[in-house]
Each structure stands twice: as structure tokens, then as C-alpha cells.
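Please walk me through this model, one feature at a time. I will ask; you reason and end on the answer.

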Amino acid sequence: MLSKSYGSAVYGVNATMIALEITVAQGLGFYMVGLADSAVRESQQRVEASLKFAGYKMPRQKIVVNLAPADLRKEGSAYDLPIALGVLESSGQMKPVKNLQDYVMMGELSLDGVLRPIKGVLPIAIEARKKGFRGFILPAENAHEAAIVNQLEVIPVETLTEAVGFLEGTHEIARLEIDTRDLFFSAQNEYDADFAHVQGQENIKRALEIAAAGGHNVIMIGPPGAGKTMLAKRIPGILPPLTLQEALEATKIHSVAGKLGTRASLIARRPFRSPHHSISDAALVGGGSFPQPGEISLAHNGVLFLDELPEFKRSVLEVMRQPLEERKVSISRARMAVEFPANFMLIASMNPCPCGYHNHPDKDCVCGPGVVQKYLNKISGPLLDRIDIHVEVTPVSFDQIASTRKSESSSEIRERVISARDRQINRYKDFPEIYSNAMMSPEMVREVCEVGNVGRVLLKTAMERLGLSARAYDRILKVSRTIADLSGSVEIKAEHLAEAIQYRSLDRESWTG
């Protein structure tokens with residue numbers, strides 16, 4: 001007898017349906033065909049043990065498992081459940097099920113028949129609904145993730161016996177339904193870190209507000225203990241709330257990477273990723289023989305924070321250049337090519353020199369001649385060119401720390417950021433790929449960021465007197481456009497340009513002097 005059921009394979013952040021055809025015939029042996037990796041082939045041992053524990057038996061005959069389409073590689077242990085059910089049906093130990101092909105079934109079996117959670121549930125559920133399947137039978141710990149997708153029956157099962165009982169009609173399992181929108185909107189504004197708890201650093205808060213309003217990348221330069229990391233962790237709280245579409249994109253990536261955790265649902269807050277400086281190239285941008293998303297994709301629609309930027313390996317930083325420009329990562333392998341989204345806001349921090357006290361107001365720098373420039377040169381010009389705002393962070397004085405004056409909260413700053421973003425969305429409504437000032441091309445900068453005669457004189461004077469490089473020109477115009485949006489101004493005024501100019505610290509020839 002032939003048993004046919006359906007599972008799924010995930011490539012990148014999208015799923016493909018896989019048909020599992022199983023026969024039990026005369027002969028001996030267990031044969032699996034269809035480009036299965038070692039984890040899939042090892043399912044024979046898990047399936048046999050779980051069947052015996054549940055009171056069934058593994059047929060001592062020739063068992064053939066075909067995973068179609070045969071030219072697509074399958075990996076992982078999530079095919080255990082459909083293989084076990086297929087063996088039971090084709091060997092006659094489970095009565096023939098008319099609606100078996102109406103469900104997608106995935107799950108890893110433990111030796112006692114208990115189902116373990118799997119990765120990539122959300123893209124599988126989305127594809128199952130798209131292909132017209134009635135429901136999705138999966139481990140109970142993944143059920144909340146699948147329930148994000150409406151118009152699809154989500155059947156959470158704890159054990160192999162429960163799955164058999166449900167299909168035979170002897171065991172009822174309630175379909176899991178959750179109000180995704182209610183959960184999503186109720187958790188949107190829940191952030192642990194708030195700018196209201198930060199004393200002083202008003203100029204840095206202003207710079208980060210501008211960065212959030214225009215989607216600009218930022219680098220903060222300052223001595224140890226000045227508050228760079230503390231400030232960076234509060235940035236997601238002032239970014240505009242995720243839309244449902246953005247939340248779905250972020251959740252899919254975390255689902256594929258197995259980072260959602262058990263009983264997790266839709267991601268409601270903007271991601272904040274902070275990898276250690278010892279990270280490898282593949283861990284940052286994604287990769288592996290079977291490509292998985294890296295940190296920059298996990299930060300999609302959120303913030304990627306790189307603390308102590310010069311301490312990262314040069315090769316690791318250089319692989320970010322293309323994703324920063326294209327806002328996606330393309331990974332090619334001999335057998336496949338996948339694409340992961342990577343639209344993130346880069347926040348970097350660094351000490352000004354190896355000892356950390358160059359340009360410090362109270363402490364002397366002990367670094368030798370040329371050391372500061374050598375330390376800065378660890379960051380390549382092309383990467384620095386993709387960072388719009390450079391801001392120097394100075395230590396907070398005792399009076400500021402001890403002050404009882406209440407600082408502005410993240411929610412108040414966020415309101416201004418949302419208003420500025422709304423203006424940008426309206427401005428770029430004819431350009432679907434652009435929705436913030438930071439995403440403008442050089443051609444668009446000339447068109448959108450027009451300045452008057454006074455502004456041109458100011459820019460020329462600043463570039464000559466401060467020794468600003470040519471690459472700073474476009475960045476200043478982009479940032480000044482965002483400052484104008486924050487103030488509600490249609491035109492870029494001289495005061496907007498003047499503020500933008502001060503956010504180019506590393507471009508000044510005198511900075512390393």
C-alpha cells in the first residue's frame with residue numbers, strides 16, 4: 001500500500017512543499033531517496049524507537065521513503081512525524097485516512113514518541129495556506145508561531161499517539177486560535193530601556209533622534225564608561241512601531257534561524273542584535289553549507305549594534321558593505337542560492353584610541369604619535385562612508401548624574417520620529433524601495449536636498465575650514481533633510497545644515513591631530 005503525506009522544506013526565508021511517499025513491500029531494508037541529508041536519514045532509528053514505545057512495530061519488510069521533488073535537498077529531523085505516520089498507514093497499523101493529504105505534518109520525534117519543536121514553522125504555515133491545505137499538524141511548542149497565520153487549522157500534538165488518534169478520529173484536539181493583532185498591538189510599546197532614565201548626554205540623544213527619524217547609520221566615539229552602549233540599547237524604543245508586514249518579515253527570519261523560542265508568537269518590537277567582536281564572517285552575514293540567516297538578517301527592520309567597532313576583524317566588517325547598500329544578503333552555494341533581507345540600522349561605537357582617552361576633557365592620552373590614526377584606519381573608508389552620523393560622546397559630569405531633573409522619555413521622542421517618518425513616506429510614495437532619507441541615491445539627494453545661496457556658502461566654508469572630505473557632502477545633505485523634517489520645515493535652512501555639519505567628527509582633518 002502507498003501512503004502519501006506532505007511536509008515542507010525551508011530555503012532562505014521561504015518554504016517549499018515536500019511530498020512524502022512511503023511503501024511497505026516484500027523484501028528487507030529501509031531506503032530513503034530524494035536528496036536527504038544525514039539528519040533526515042537517521043530518522044529510521046528515531047521512528048522505529050518511537051513506534052515501539054507507542055505500541056506499534058516497525059515492519060520487517062522493504063520500506064521505501066521518497067521525498068519529492070527529488071532534486072531539492074532536504075535537511076533536519078522535522079520529517080520524523082510524517083515518516084512515522086506514513087509507515088503506520090502503509091503497513092496497515094493505522095486505518096486508511098481519507099484526509100491525510102489535507103494536512104502538512106512536521107515534527108521531530110524523541111525515542112519515547114514525544115514531539116520536539118522544530119525551526120522554520122512560520123514560513124511553512126504561510127506556504128501551507130497559500131497551497132490550500134486545510135491544516136498544519138505540528139509540535140505543541142510551535143503551535144503559537146503557526147497560529148499567526150489565519151485561515152489555517154493549527155493542530156498542536158504532544159506525542160505520536162495523539163497524532164494517530166486525531167487522524168483516525170478517536171482523539172479530539174482543539175484547533176489553536178489566537179488574536180494575532182491584539183497580541184501584536186498590545187506588546188508594541190513594551191521596552192525595558194527608556195531615555196527618561198538617562199541623565200545628561202542631551203546632544204547624543206538629539207543625534208540618535210535624528211538617526212532614528214531618517215534611518216541613518218551612526219557611530220559613537222567616546223572614552224570607556226561614557227554611556228555609548230547604554231544609549232544604543234534605547235534606540236529601538238524611539239523607532240516607529242513595526243507594521244504587521246515588517247513584524248511578519250522579522251518573525252520569519254527568527255523562525256528559520258530557530259531564535260523564536262517555544263510558544264512564541266509574532267515579534268512585536270524592533271529587533272536589537274549586539275554580536276561580540278569575535279564573530280565570524282558567516283555568523284554576521286549568514287552562510288553555511290545549508291545557508292542560515294546571520295546577525296544582520298536577524299536585525300532586519302531593527303538595530304544592529306557593533307560595540308568596539310575597531311576590534312572586529314577587518315574581513316567581518318568588509319562583508320557588511322554590500323548589505324548596507326542593497327539591504328539584502330545573497331548567499332550562493334554550488335547547489336543553491338538564497339537571499340535574506342537585511343534592512344537594518346547600524347549603530348557602532350568605538351574608543352577614540354587604544355587607551356581610550358584621546359580628546360578626553362580631563363584625562364591625558366598616552367598613545368604615541370600616529371597611533372590614533374592607525375587605530376581609526378582599522379575601519380575602512382568605504383564602510384565609514386556608509387555611516388551618516390559621527391558623534392563624540394563625552395563623560396557625564398557629577399552634577400548631571402546627581403541631577404533630579406526628569407529627562408525626556410522615549411515615547412515623547414518617538415512621537416517626533418514618527419511625524420518625521422510620515423513626511424518621508426509621503427515624499428517617497430512614488431519610490432516603493434525608498435521610505436527614509438538615508439535610502440536616497442546620490443541623484444535623489446541633488447533633487448530632494450536643495451539648499452539656498454546661504455546654505456551653499458555655509459557648506460563651502462565648513463568643508464574648507466574643518467577639512468571635511470568630499471564624501472561628507474552627501475551625508476550632510478541627507479542628515480540636514482532629516483533635521484528639517486523633524487522641525488516640520490519644507491526647506492533645508494542654514495541652521496539645519498549647521499547642525500548636520502557637526503555630526504561629521506571623523507571627517508575632520510584635525511580629529512586625529
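What follows is a set of short exchanges between a student and a tutor.

Student: What kind of model is this, and what pLDDT do side-chain atom pairs need?
Tutor: This is a predicted model in which local features need pLDDT of at least 70, while totals for chains, interfaces and linings use all residues, and side-chain atom pairs count only at pLDDT 80 or more. Residues are numbered from 1 along each chain as its sequence is written, and side-chain values use heavy atoms, with hydrogens and water left out. For side-chain atom pairs, then, the value is pLDDT 80 or more.

Student: Which strands stand at the edges of the five-stranded open sheet?
Tutor: Strands are DSSP runs of E with at least two residues, helices are runs of H or I with at least four, and both are numbered from the N terminus. Two strands pair if DSSP finds at least two bridges between them. The open sheet has the order β11-β14-β17-β10-β18, with parallel pairing. Two of its strands have a single partner each, so one side of each is left without a neighbour in the sheet: β11 (272-273) and β18 (389-392).

Student: Which residue stands opposite Ile221 in β17?
Tutor: Strand β10 (residues 218-221) runs parallel to β17 (residues 345-350), and four bridges join them. Opposite Ile221 in β17 stands Met350.

Student: At about what angle does helix α8 run to β18?
Tutor: Helix α8 (residues 202-214) lies across β10, β17 and β18. Axes are lines fitted to C-alpha atoms, for helices over the stretch in contact (heavy atoms within 4.5 Å). Angles run from 0 to 180 degrees between N-to-C directions. For α8 and β18 the angle is about 165°.

Student: Which residues form the covered face of strand β16?
Tutor: In a regular strand the side chains alternate between the two faces of the sheet. Strand β16 (residues 337-341) pairs with β15 (residues 328-332) in the antiparallel sense, over five bridges. Its uncovered face holds Ala337, Glu339 and Pro341; its covered face holds Val338 and Phe340.

Student: Which two residues does a cis peptide bond join?
Tutor: Most residues other than glycine have a negative phi, and most peptide bonds are trans. The cis bond has an omega of about 5°. Its proline lies in the loop between β4 (62-68) and α3 (80-90). The joined residues are Ala68 and Pro69.

Student: Is Gln151 buried or exposed?
Tutor: Gln151 has a positive phi, near 60°, and is not a glycine. Its loop runs between α5 (143-146) and β9 (153-157). Buried means under 20% relative accessible area, exposed over 50%, partly exposed in between (1.4 Å probe, protein chains only). Because its relative accessibility is 67%, Gln151 counts as exposed.

Student: What is the phi of Glu308?
Tutor: Glu308 sits in the loop between β14 (303-306) and α13 (314-318). Its phi is positive although it is not a glycine, at about 55°.

Student: How many residues apart in sequence are the parts tied together by Tyr103 and Phe166?
Tutor: Rings of Phe, Tyr and Trp (its six-membered ring) pair if their centres lie within 6.5 Å; planes under 30 degrees apart count as stacked, over 60 as edge-to-face and the rest as tilted. Tyr103 and Phe166 are edge-to-face, 5.7 Å centre to centre with 80° between the planes. Tyr103 lies in strand β5 (residues 103-105) and Phe166 in helix α6 (residues 160-168), so the pair ties together parts 63 residues apart.

Student: Which ring does the charged end of Lys62 sit over?
Tutor: A charge sits over a ring if NZ of Lys or CZ of Arg is within 6 Å of the ring centre and within 35 degrees of the ring normal. The charged end of Lys62 is 5.8 Å from the centre of the ring of Tyr31.

Student: Which residues are linked in a network of salt bridges?
Tutor: A salt bridge is a side-chain nitrogen of Lys or Arg within 4 Å of a carboxyl oxygen of Asp or Glu. By this rule the count is 23. One of them joins Glu499 to Arg206, with the closest N and O atoms 2.7 Å apart. The network links Arg206, Glu209, Glu408, Arg416 and Glu499.
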